[in-house]
Amino acid sequence: MDDEDGDTCTICFEHWTNAGDHRLSALRCGHLFGYKCISKWLKGQARKCPQCNKKAKHGDIVVLYARTLRALDTSEQERMKSSLLKEQMLRKQAELESAQCRLQLQVLTDECSKLHSRVQDLQKLIVQHRDQISQSPGGSQARFLNCLPSSQNQHKYHFQKTFTVSQTGNCRIMAYCDALSCLAVSQPSPQASFLPGFGVKMLSTANMKSSQYIAMHGKQIRGLAFSNRSKGLLLSASLDNTVKLTSLETNTVVQTYNAGRPVWSCCWCLDESNHIYAGLVNGSILVYDLRNTSCHIQELVPQKARCPLVSLSYIPRAASAAFPYGGVLAGTLENASFWELKMGFSHWPHVLPVEPGGCIDFQTESSTRHCLVTYRPDKNHNTLRSVLMEMSYKLDGAGEPVCSCHPVQTFLGGPTCKLLTKSAIFQNPENDGSILVCTGDEASNSALLWDVGRGSLLQELQADQPVLDICPFEVNHNSYLATLTEKMVHIYRWE
């Protein structure tokens with residue numbers, strides 16, 4: 001009987017024919033009948049399919065021309081296809097994990113080679129000083145520790161030069177352009193009566209001389225960032241509600257975006273060269289495409305408190321077992337979020353577990369996947385604190401990453417913090433794989449340089465006023481550090 005079900009009309013239970021008035025017919029829903037039966041059915045009171053009750057009319061009847069009609073059972077084939085797709089997905093996942101393991105093995109092998117070389121150096125050092133140690137047992141340990149190689153004992157930053165940027169003050173932020181070997185420092189217009197507003201002063205690091213002023217915004221500039229792909233293209237964010245792109249090769253503003261609200265921070269997308277981010281006063285992030293000159297293409301709405309977005313930093317994707325994901329780290333005065341960049345240029349938010357309130361700055365170090373969070377003093381902590389956080393993740397039940405961070409090291413400053421001071425986290429100029437942190441300290445009008453591995457203070461770089469921004473850079477294979485106050489830039493050289 002099952003074999004004959006496909007040959008009979010479900011109205012009269014008679015075999016349909018391939019000709020005549022009981023020939024094979026179908027409705028739009030796909031059910032089959034004899035033409036005479038379904039025609040009579042639809043001319044009556046029932047205007048529905050006899051099998052599925054979907055609405056139908058006489059004009060929906062379609063005559064089919066077929067000698068026989070049989071359905072091919074493909075359920076086994078579909079099950080095989082599903083198993084194949086699952087197997088292919090597991091294979092891709094295994095290949096990705098294998099690639100990450102190979103990269104991690106390479107990194108660990110390189111680190112092992114460096115440690116082996118260092119052990120050999122220490123062994124040579126022990127042999128050289130063995131006689132001195134045996135002759136003076138009382139003070140041998142102290143002298144031996146002083147002979148150990150360390151960044152503190154070998155090199156440090158030496159004062160090089162001071163630039164006066166603005167006589168009236170109100171400088172705020174700076175950025176370094178490696179392609180043009182120059183520092184761009186924000187300042188008010190030096191000719192405010194003729195050309196009011198704010199712009200940047202260019203300082204050449206090749207010959208250590210100041211250069212021209214470039215007018216850009218109507219109000220104070222809060223964010224500066226150079227493109228690492230377009231030579232001399234400077235991104236700026238201002239309280240005048242605009243984000244601008246300025247070419248330092250022609251000293252002209254080439255693109256202006258009106259955000260409609262004061263802009264507190266900005267950064268470039270390091271995974272997609274044509275996209276930029278702007279952080280607003282209400283905590284939102286506007287995403288712009290340089291190919292779209294009219295308006296933003298996305299708005300990333302804050303997950304918690306709506307307060308000024310003081311810092312934006314982009315962490316690029318990397319084949320890292322610890323944290324392979326790319327996205328933008330957004331820090332407000334109250335909290336922080338990591339907006340993970342997904343396929344198709346969509347963003348997924350992850351609220352980071354930082355202390356609520358008191359945040360003034362967020363910085364990132366892309367190679368080690370660390371971020372630096374700076375807090376002002378509060379009722380529980382009587383000093384300025386900069387906390388080094390390591391980015392991490394775990395997979396949820398659906399296999400999606402849940403990004404987070406955890407504290408690694410804390411660096412303390414002075415008891416006062418009235419300004420939104422920016423810190424810096426960067427590779428040691430010795431290129432030994434270690435990380436340095438430099439934080440501004442209002443109480444002592446200085447910048448404090450820390451060794452992350454040891455958690456020890458290496459140097460205190462004195463300034464004339466509180467340090468507002470810190471920028472490490474390299475020129476002609478020499479490493480420098482610039483500190484910015486309201487009026488001046490101090491340059492230090494690593495020697």
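Begin by selecting Arg-23 together with Tyr-35, where Arg-23 lies over the face of the tyrosine, at 5.0 Å from the ring centre. The model on the screen is a predicted one, and a good second step is to colour it by confidence: the mean pLDDT of the protein is 86, and 91% of its residues reach 70 or more. Then select residues 131-153, where the pLDDT is below 50, and note that this stretch nevertheless has 25 contacts in the model beyond its near neighbours in sequence.

Next, turn to the aromatic rings, for the structure holds ten aromatic pairs. One of them is made by Phe-159 and Tyr-492, which meet edge-to-face, with 5.9 Å from centre to centre and 70° between the planes. Showing the strands around this pair is helpful, because Phe-159 belongs to strand 4 (residues 157-164) and Tyr-492 to strand 31 (residues 488-494), so that the two rings tie together parts that are 333 residues apart in sequence. Is Tyr-492 buried or exposed? Its relative accessible area is 4%, and since anything under 20% counts as buried, Tyr-492 is buried.

Now select Phe-411 and Trp-450, an aromatic pair that is tilted, with 5.4 Å between the centres and 45° between the planes. Phe-411 is found in strand 24 (residues 401-412) and Trp-450 in strand 27 (residues 446-451), so this pair ties together parts that lie 39 residues apart in sequence. Both Phe-411 and Trp-450 are buried. From there, select Phe-323, Tyr-325, Phe-338 and Tyr-393, which together form one aromatic cluster.

For the last part of the tour, centre the view on Ser-238, which lies in strand 10, a strand that runs over residues 233-238. Ser-238 counts as buried, because its relative accessibility is 0%. Which residues does Ser-238 touch, leaving aside those up to four places away in sequence? They are His-217, Lys-219, Gln-220, Ile-221, Arg-222, Pro-262 and Val-263. Among these neighbours, Gln-220 deserves a closer look, as its backbone oxygen lies 3.1 Å from a polar atom of the side chain of Ser-238. Arg-222, which is also one of the residues that Ser-238 touches, leads on to the final stop: select Arg-222 with Trp-264, and the charged end of the arginine is seen over the ring of Trp-264, 4.4 Å from its centre.

Technical notes: Residues are numbered from 1 along each chain as its sequence is written. This is a predicted model: local features need pLDDT of at least 70, side-chain atom pairs count only at pLDDT 80 or more; totals for chains, interfaces and linings use all residues. Side-chain values use heavy atoms; hydrogens and water are left out. Helices (H or I, at least four residues) and strands (E, at least two) are DSSP runs, numbered from the N terminus. Buried means under 20% relative accessible area, exposed over 50%, partly exposed in between (1.4 Å probe, protein chains only). A polar contact is a pair of N or O atoms within 3.5 Å; within protein, one must be able to donate a hydrogen and the other to accept it, and residues adjacent in sequence count only if both atoms are side-chain atoms. Contact means heavy atoms within 4.5 Å. pLDDT is the predictor's confidence in each residue, from 0 to 100. Rings of Phe, Tyr and Trp (its six-membered ring) pair if their centres lie within 6.5 Å; planes under 30 degrees apart count as stacked, over 60 as edge-to-face and the rest as tilted. A charge sits over a ring if NZ of Lys or CZ of Arg is within 6 Å of the ring centre and within 35 degrees of the ring normal.
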